[in-house]
Amino acid sequence: MFKGKNVLVMVTGSIAAYKATTLVRLLIKSGAQVRVGMTTSAQEFITSKTLSILSGQDVLTDLFIGHTSQVIHIEWARWADVIFVVPATANIIGKIANGIADDAVSATIIASSADKVIAPAMNDVMFHNPAVERNLEILKQDGWLVVEPVVGYLAEGYEASGRLPEPIDILQQADIRLRAKKGQLIGKKVVITAGGTKEALDPVRYLTNRSSGKMGYALARAAVEKGAEVKLVTTIDRENIFGVEKIIVSSTQEMFDVATHEFTDADIFIGAAAVSDFKPAKLAEHKIKKQADGGLQLTLVQNPDILKTIGFSKKDHQIVVGFAAETKEVIAYGTDKLVKKHADMLITNDVSNSDTGFSSDDNAVTILVPDQLPEALPKTTKIEIARAIITRIITLK
Ligand code: C5P
């Protein structure tokens with residue numbers, strides 16, 4: 001999202017101003033060109049020197065110094081593709097909401113038509129002041145993306161809301177929400193399964209597989225980036241993704257119960273979980289002890305097939321997508337599964353290849369759609385594969 005973009009980071013006078021340094025570094029790392037502006041009070045908390053060295057640019061602090069032949073705030077305002085106001089004080093929020101442009105930071109913001117992200121950080125009582133709440137409401141109506149503060153330890157020495165989220169979370173949220181503004185899945189519900197199911201043998205042991213859940217998480221992210229409401233039914237608790245509700249499950253039966261329930265009012269189902277086909281016939285109440293003859297016979301029974309059940313229950317407007325991890329004859333088995341599971345799309349991947357598939361950050365897949373030629377997506381990151389899959393799913397609508 002920010003790669004190759006001109007990003008202006010405006011820092012205002014909150015104790016959280018030091019976190020702007022991390023934000024600037026993360027933006028530069030993601031490939032953005034970054035410039036920084038600071039209010040006078042921000043410079044009480046961190047120096048402009050720090051941010052100027054980090055950004056490799058002069059920091060905008062004053063409307064009237066330095067440039068004589070240029071109207072600096074207009075030039076900076078036009079340069080920016082995205083403006084971050086991080087952290088934002090009650091003062092800057094009030095100024096922008098009311099069109100006041102009396103310093104370099106507020107004048108540049110008001111002169112710019114860039115995408116705008118604001119992350120308030122202040123004392124909890126200030127944050128809940130009716131005027132501040134009113135002003136934030138105005139900013140939302142004006143198209144600002146407001147990154148809400150989180151509950152946490154404030155500079156005042158107690159826990160309350162008003163704390164600036166970590167810069168990495170601000171960036172992730174801004175990235176997802178800025179993309180989602182133009183998303184074709186706004187108002188759509190997407191249910192995704194992820195991870196390997198766990199089939200309990202006794203209170204401490206279970207049967208499972210090597211699935212990392214990464215592909216399912218990448219699909220969840222790609223779907224929220226398109227504006228969808230996402231329910232991720234997963235056995236693995238990985239990172240939080242803004243806009244994704246994780247529902248942690250363990251066994252296939254649990255995943256089945258949650259997924260089928262969530263699917264009733266969903267628009268899209270994607271089965272990316274590595275579901276165990278079998279489970280132990282009975283769950284031992286206590287830990288199974290060593291047997292006298294040294295061996296243990298396990299009886300396994302079949303699990304419900306989540307994808308197949310959902311595939312055969314879908315209504316006309318609902319789209320069902322499955323995955324097939326295979327080690328040979330990938331396309332042939334995949335095509336067979338597409339039919340058997342009554343899916344609208346099947347993504348096949350060859351898990352015999354150790355640098356793609358399970359646990360890897362990369363994947364290479366083939367998209368199978370009934371009556372269409374297979375479409376191969378060459379090896380790339382799982383998030384890029386996920387974006388391509390979601391884009392392809394949208395074309396099925
Ligand atoms: O039949 P197979 O397990 O190879 O099919 C893979 C696809 O079916 C995946 O999308 C997987 O999530 C789904 N599946 C399921 N329930 C099962 C077995 C597989 O949803 N019991």
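User: Helices are DSSP runs of H or I with at least four residues, and strands are E runs of at least two, both numbered from the N terminus. Which residue follows α1?

Analyst: The model is predicted. In it, helix α1 covers residues 19–29. The residue that comes after α1 has a positive phi, near 100°, and is Gly31.

User: How many helices and strands does the chain have?

Analyst: The C-alpha atoms of the chain occupy a box of roughly 85 × 50 × 35 Å along the principal axes. Within the chain, the count of secondary-structure elements is 13 helices and 19 strands.

User: What percentage of contacts in the chain between residues at least 6 apart in sequence join residues at least 24 apart?

Analyst: Buried residues account for 50% of the 397 residues in the chain. The exposed area is about 19200 Å², of which carbon and sulfur atoms supply 52%. For contacts between residues at least 6 apart in sequence, the share joining residues at least 24 apart is 67%.

User: How far apart are the mean positions of the positive and negative charges of the chain?

Analyst: The chain carries 45 positive and 46 negative charges. The separation between the mean positions of these two sets is 3 Å.

User: Is Thr21 buried or exposed?

Analyst: Thr21 is situated in helix α1. Beyond its neighbours within four places in sequence, Thr21 is in contact with Ile46, Thr50, Leu51 and Leu54. Its relative accessible area is 17%, and the cut-off for burial is under 20%, so Thr21 is classed as buried.

User: Which backbone oxygen does the side chain of Thr21 reach?

Analyst: The side chain of Thr21 approaches a backbone oxygen to 2.5 Å. That oxygen belongs to Tyr18.

User: Which elements do the buried residues of α1 pack against?

Analyst: An α-helix has 3.6 residues a turn, so residues three or four places apart point the same way. In α1 the buried residues are Lys19, Ala20, Thr21, Leu23, Val24 and Leu27. The elements against which these buried residues pack are β1 (6–11), β2 (33–38), α2 (48–55), β3 (82–88), β7 (159–163) and α8 (167–180).

User: Where does Thr22 fall on the scale from buried to exposed?

Analyst: Thr22 also belongs to helix α1. Its C-alpha atom is separated by 9.9 Å from that of Leu51, 29 residues apart along the chain. Because its relative accessibility is 38%, Thr22 counts as partly exposed.

User: Which residue forms a salt bridge with Asp361?

Analyst: The closest N and O atoms of this salt bridge are 2.9 Å apart. The pair links distant parts of the chain, 147 residues apart: Asp361 is in the loop between β17 (345–350) and β18 (362–368), and its partner is in helix α9 (residues 214–225). Asp361 counts as exposed at 52% relative accessibility. The partner is Lys214.

User: Why does the pair of Glu262 and Lys231 tie together parts that are apart in sequence, and how many residues apart are they?

Analyst: The side chains of Glu262 and Lys231 meet in a salt bridge at 3.5 Å, N to O. Glu262 lies in helix α10 (residues 252–263) and Lys231 in strand β11 (residues 229–234), so the pair joins parts separated in sequence. Both Glu262 and Lys231 are buried. Along the sequence, the parts are apart by 31 residues.

User: Which residue forms a salt bridge with Asp103?

Analyst: In this salt bridge the closest N and O atoms are 3.3 Å apart. The partner counts as buried, at 11% relative accessibility. The partner of Asp103 is Lys95.

User: Which residues are linked in a network of salt bridges?

Analyst: The count for the model comes to 28 salt bridges. The residues linked in a network are Asp175, Arg179, Arg221, Glu225, Glu384 and Arg387.

User: What is the omega of the peptide bond from Val86 to Pro87?

Analyst: Most residues other than glycine have a negative phi, and most peptide bonds are trans. The bond from Val86 to Pro87 is cis, and Pro87 lies in strand β3. Its omega is near -10°.

User: What is the phi of Asp371?

Analyst: Asp371 occupies the loop between β18 and β19 (375–381). Asp371 is exposed, with a relative accessible area of 83%. Although Asp371 is not a glycine, its phi is positive, at about 60°.

Conventions. Residues are numbered from 1 along each chain as its sequence is written. This is a predicted model: local features need pLDDT of at least 70, side-chain atom pairs count only at pLDDT 80 or more; totals for chains, interfaces and linings use all residues. Side-chain values use heavy atoms; hydrogens and water are left out. Buried means under 20% relative accessible area, exposed over 50%, partly exposed in between (1.4 Å probe, protein chains only). Contact means heavy atoms within 4.5 Å. Accessible areas come from the Shrake-Rupley method with a 1.4 Å probe; for residues, only the protein chains shown count as cover. Lys and Arg count as positive and Asp and Glu as negative; His and the chain ends are not counted. The place of a charge is taken as NZ of Lys, CZ of Arg, CG of Asp or CD of Glu. A polar contact is a pair of N or O atoms within 3.5 Å; within protein, one must be able to donate a hydrogen and the other to accept it, and residues adjacent in sequence count only if both atoms are side-chain atoms. A salt bridge is a side-chain nitrogen of Lys or Arg within 4 Å of a carboxyl oxygen of Asp or Glu.
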